[in-house]
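Here are a few short exercises on side-chain pairs and burial. Have a look at the model first, then work through the steps.

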Amino acid sequence: MASVTVDDLDRKILHALYIDGRAPFNRLATVLGTSEQTVARRYRRLNQSGALRVVAQLDRARLGQSDWALRIRCPPNTTMPLAKALATRRDVSWVQLTSGGTEIFCTVRGGDERRRTDLLLDQLPSSGRI
């Protein structure tokens, strides 16, 4: 990774991209009072040097999907097996044990409402004293 010096214009470009990561170079140039070519050249230099990294995250709400945060209370002897079973599911993105091992917090990605409903109403209640 090459070393790069970040000046005031670079900082302005970074800030503008932080506000709107999808802004086109011509809009950035207009807002920043410089040319589109300058913004594009600076962007490439920052990106190639590693000073700028563009990442994306799916906006599940725009796709009609939702994430559910669950708090599950259960006896301490059943918490770990249940947490491990939840962690292996494709629709569970995060699992955390809390409250001295008597609660599980997890996030369930809700793409398919039938599968989510099955998990919440059928599978979890049959897992013991939940």
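A residue is called buried when its relative accessible area is under 20%, exposed when over 50%, and partly exposed in between. Keep in mind that this is a predicted model.

**Exercise 1.** Decide whether Asp 10 is buried or exposed, and find its salt-bridge partner in helix H3.

*Solution.*
1. Asp 10 sits in helix H1, which covers residues 8-19.
2. Its relative accessibility is 0%, so Asp 10 counts as buried.
3. Beyond its neighbours within four places in sequence, Asp 10 contacts Thr 5, Arg 42, Arg 45 and Leu 46.
4. Among these, Arg 42 forms a salt bridge with Asp 10, at 2.9 Å from N to O.
5. Arg 42 belongs to helix H3 (residues 36-49), so the pair ties together parts 32 residues apart in sequence.
6. Arg 42 is buried too, because its relative accessibility is 15%.
7. Asp 7, Asp 10, Arg 42 and Arg 45 are linked in a salt-bridge network.

**Exercise 2.** Work out which strands the salt bridge between Glu 103 and Arg 71 links.

*Solution.*
1. The closest N and O atoms of Glu 103 and Arg 71 are 3.5 Å apart.
2. Glu 103 lies in strand S3 and Arg 71 in strand S1 (residues 66-73), with their positions 32 residues apart in the chain.
3. Glu 103 has 8% relative accessibility, so it is buried, whereas Arg 71, at 48%, is partly exposed.

**Exercise 3.** Find how many salt bridges the whole structure holds.

*Solution.* The search returns 8 salt bridges. One of them joins Asp 20 and Arg 27 at 3.1 Å, N to O.

Terms used:
Residues are numbered from 1 along each chain as its sequence is written. This is a predicted model: local features need pLDDT of at least 70, side-chain atom pairs count only at pLDDT 80 or more; totals for chains, interfaces and linings use all residues. Side-chain values use heavy atoms; hydrogens and water are left out. Helices (H or I, at least four residues) and strands (E, at least two) are DSSP runs, numbered from the N terminus. Contact means heavy atoms within 4.5 Å. A salt bridge is a side-chain nitrogen of Lys or Arg within 4 Å of a carboxyl oxygen of Asp or Glu. Buried means under 20% relative accessible area, exposed over 50%, partly exposed in between (1.4 Å probe, protein chains only).
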